[in-house]
Amino acid sequence: MTDLKPKDFASSLDVRWCPGCGDYAVLKSLHKMLADTGAKLEDTLCVSGIGCSSRLPYYMATYGFHTIHGRAPAIASGAKLANPELDVWVFTGDGDGLSIGGNHLLHALRRNLDMQIVLFNNQIYGLTKGQYSPTSQKGMRTPSSPGGTVEMPLNPARFAIGAGSKFIARSIDTQAKVLGPILQAARDFDGTAFVEVLQNCVIFNDGVFDHLKDKKQGPDHTIVVEHGQPMVFGVNKDKGIRVKPGGFVLDIVSLEADGVTEADLLVHDETNHALAVALAELGEKDGEPTVLGILFREQATEFGAASRIGLPEKPLSMNEKLIHLSATLRASETWDVGEDAA
Amino acid sequence: MQSGLERSTTTHELPVSQQPEVDYVRVRFAGDSGDGIQMTGTRLAESAARFGNDIATFPDFPADIRAPSGTIYGVSAYSLNIGHTEVDTFGDETDALVALNPAALRKYLEGVKQNGLLIIDIDAFTERAITKAGFSANPLEDGSLSSFRVLPLEITSNTEKALKETGLSAKDARRSKNMWTLGLVLWLFERSTADVEHWIEQKFHKKPDVAKANIMALQAGHLYGEVSDLPPDVSRYRIQPAPLMEGEYRSINGNEGMAYGLYAGATLANLELFYGSYPITPASPLLHTVAKLKELGAISFQAEDEIAAICAAIGASYAGHLGVTGSSGPGIALKTEAIGLAIMTELPLVIVNVQRGGPSTGLPTKTEQSDLFQAIWGRNGDAPLPVIAPAHPGECFDMGVEAAKLATRHMTPLMVLSDGYIANASAPWKLPDFNDPAYEPFPVEQAKEPEGFLPYDHDPDTMARPWAVPGTADLMHRIGGLEKQAGSGNISYDGENHQLMTQIRAQKLDAIAKSIPPQHVESGPTTGKLAILGWGSSWGPIRVAARRAELEGKSVSHIHLRHLWPLPSNLEELLSGYDRVIIPEMNNGQLATVLRSQMDIKVESVSCVKGRPFLVREIAKIIEDALGASS
């Protein structure tokens, strides 16, 4: 069999997202990564819920299941438990994953079954035409919040940490150089990998991430963290993150102006849980960069392997099962009724 | 009770039970939640079943885990009917009540027949306990029990005395009073204590002190019966073994039978069983039983909620296992959207609903059969779903097999309607012989061949679509909850196609209707004056009442539905052969409404929603009212 090209991972259906939607870029990165890594179509399963992002399985030439609102992690869990050989991906959005399906996402992350959950966060309900979502910024005016929403938005990465996720990454839809390796690392991770993609909805929330994506100014508002590397960012690589002296908070510093050198900066440790919490929250206040890359990664017991302990080492034949069942049924007290017994 | 859906065609009939205390004895143990009542009842049931009696049991325990002691609502009871004839119910009345405290006596005295036997632990009748139970005076002294035969015993102090030499504290010794009581009751039935002793040794093999104390208490109770001068009106029961069909037996309750049956069904389909569930009364023992089958390859998954439980089962079915989920009415309500997904994606899936009183949270520990509408019609869209129902605990195993067979053969979700009574009641059960043609394997053929593969192509006989499992080369396809183009399975919003797919989903049930056995008559003539039509756990009382009435020369037939949706194709013709068709149901007339919508036949409904099965005399009254006392 010849190696598959990115286009081989595309199904024959026309992609029907709005022109300019950030989803196109994510789909492209996914196709490329799967081709590069030598994935097989038949062993790849894409599961989704409801929403714009959840249409993605239709555009994949792999197996796919477009399910019901919020439930994709549960359906994916059942499929993966039944067949551990499958490479299972869940595609969800901020509404599907964090609102109607929040419970399933929480428990999927906590269990750590080997699969990837990619959450497209566009901070809006797109498919139902523009209502605010659980990640919409406070004060946002939408058809269901004409006076501006008064709700506190949810931070997906922080939610994932709270749920006990062992792999948390964040990327921007169009930054293939960041997103591609994250998707690859997510696939390689033995456990549930959670990837938040900051995704632009061109119709209902256009430009909400422009300041992060801007080719010129974006680097001043984002930092791509890498394990073992000092936390330097900015257009001129002149900003950094350190622990504030005498405090337990992160401090955004200017390398020249503050008399701080690179040696004073934090070095990213993706296994540091407390650091991951702090990194996930950065960007919520003015002057803070939004953190991209792999925020947290820690190997832990994978749910599927743990839950298979006690199953037969190889599948039993029908005959073996019936013999075992007969014995099990007779493990409680039995008695004979017959000519002798009666 | 006879076993089995398929096996029931070769019914071996036991004689009809008629004379209480001659043919059968109904005994009820009642005491505080912590008194070990359920264990005592279960042991007597096992012992009687081993002796060869037919039995029917009814555990009745409070929804509270440890209700305050001495209260009415904290009373736990176990009712048991022991017969040398066929017994199908736990009995309308009690022949002998064992009351271990005043609250137990107060709660269950009403059910004791005139001149019935009361075995009472007088040690528990302290002034405080009597008041707590709501008696204004001590019932043992105020003459209020004069219409019963009372056997007042110092059960607690007798137990303490019997265990004095063990060195146990009085408090620990008192915990064995249920075994002392059981010993006495075994004596009353002319049974030895050997079976129970054997069981105690096994159960407490890691705690030899506990085993020894329980056995000593058991023997002491038995000896008490032997050597004491009991009142002359206390006579022993002599219930001979019932002429059961030859074979190997055990006792089983409905939840156990269902769990084992589902495993057997998945096995005969050549599939692995995946059981996704969320704990709920009274369905949780299904999860517990499947969890114990792990060594046999069964996967159980306790999900975060009811929705995730069914969704995981759907995912497992998509990946090639037999997905099963179980719950009770409120949980089924939560699963509804996912059931629709399984219908749309035409995946095999078994949903077990162990019904309880509703609506909403309703009566968690009380039985009812009021989820029939929910099962048949409770979804958005035209969403047909086959529904089957076991009639008694001994049928649950075969019903699990039937569920797996229909779901895989027709590629459809299917609902099994059990109920709280069937789930908890136990009966002697003839163990299955897997060489019996009823257990002929029905191995599933999953799609492998890419040539001409269309995921939504339908087999004209079964209306099944091909089951192409992820991991299979060259059969990659996408499914989901949006309407499918017939054949390709691609999304389609086309009106003509939706009409076609709606028909295809309906035809799936037509195909099932053709494959299920024609409706048979349980007892009585195949045409006549009166048919009592039932489904689910009303089987026992209807059967007893109808057979007794027939013996009295009445023209009455019992017809019992196992396949509720689609209905057996001969049902209308069969029912039209009777002058009257009456349907007693533990709901407000749901089957009657369903039948009225489906056939041009007048059916009458009798409703009973009191959290318990019908009584035999209630069904007998229906028959008598319909036919007159002498017809």
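Tutor: Two strands are said to pair if DSSP finds at least two bridges between them. The model discussed here is predicted.

Student: What makes β2 of chain A and β15(B) a pair of strands?

Tutor: At least two bridges are required. Strand β2 (residues 63–66) of chain A and β15(B) have three bridges, in the parallel sense, and therefore they pair. Within this arrangement, Phe65(A) stands opposite Ile479(B).

Student: How do you know that Val47(A) is in contact with Phe65(A)?

Tutor: The criterion is that the C-beta atoms, placed from the backbone, lie within 7 Å. Phe65(A) is listed among the contacts of Val47(A), so their C-beta atoms meet that cut-off. Other contacts of Val47(A), leaving aside neighbours within four places in sequence, include Ala79(A), Val88(A) and Trp89(A).

Student: Why is Val47(A) called a member of a nonpolar core?

Tutor: Members of such a core are buried residues of listed types, Val among them, joined through C-beta atoms within 7 Å. Val47(A) belongs to the largest nonpolar core, of 269 residues, and therefore counts as buried. Val47(A) is also one of the residues that touch the most other members, as are Ala79(A) and Ile314(B). Helix α11 (residues 306–318) of chain B gives the largest share of this core, 10 residues.

Student: What makes up the side of chain B that touches chain A?

Tutor: In total, 58 residues of chain B are in contact with 53 residues of chain A. The largest share of the chain B side, nine residues, comes from α11(B). By class, that side has 32 nonpolar, 15 polar and 11 charged residues.

Notes
Residues numbered from 1 in each chain as written. Chains lettered and ligands numbered in written order. Predicted model: local features only at pLDDT ≥ 70, side-chain atom pairs only at ≥ 80, totals over all residues. Buried ≥ 20, exposed ≤ 12 C-beta atoms within 10 Å, placed from the backbone. Helix = DSSP H or I, 4+ residues; strand = E, 2+ residues; numbered from the N terminus. Contact = placed C-beta atoms within 7 Å. Nonpolar A, V, L, I, M, F, W, Y, C, P; charged D, E, K, R; others polar.
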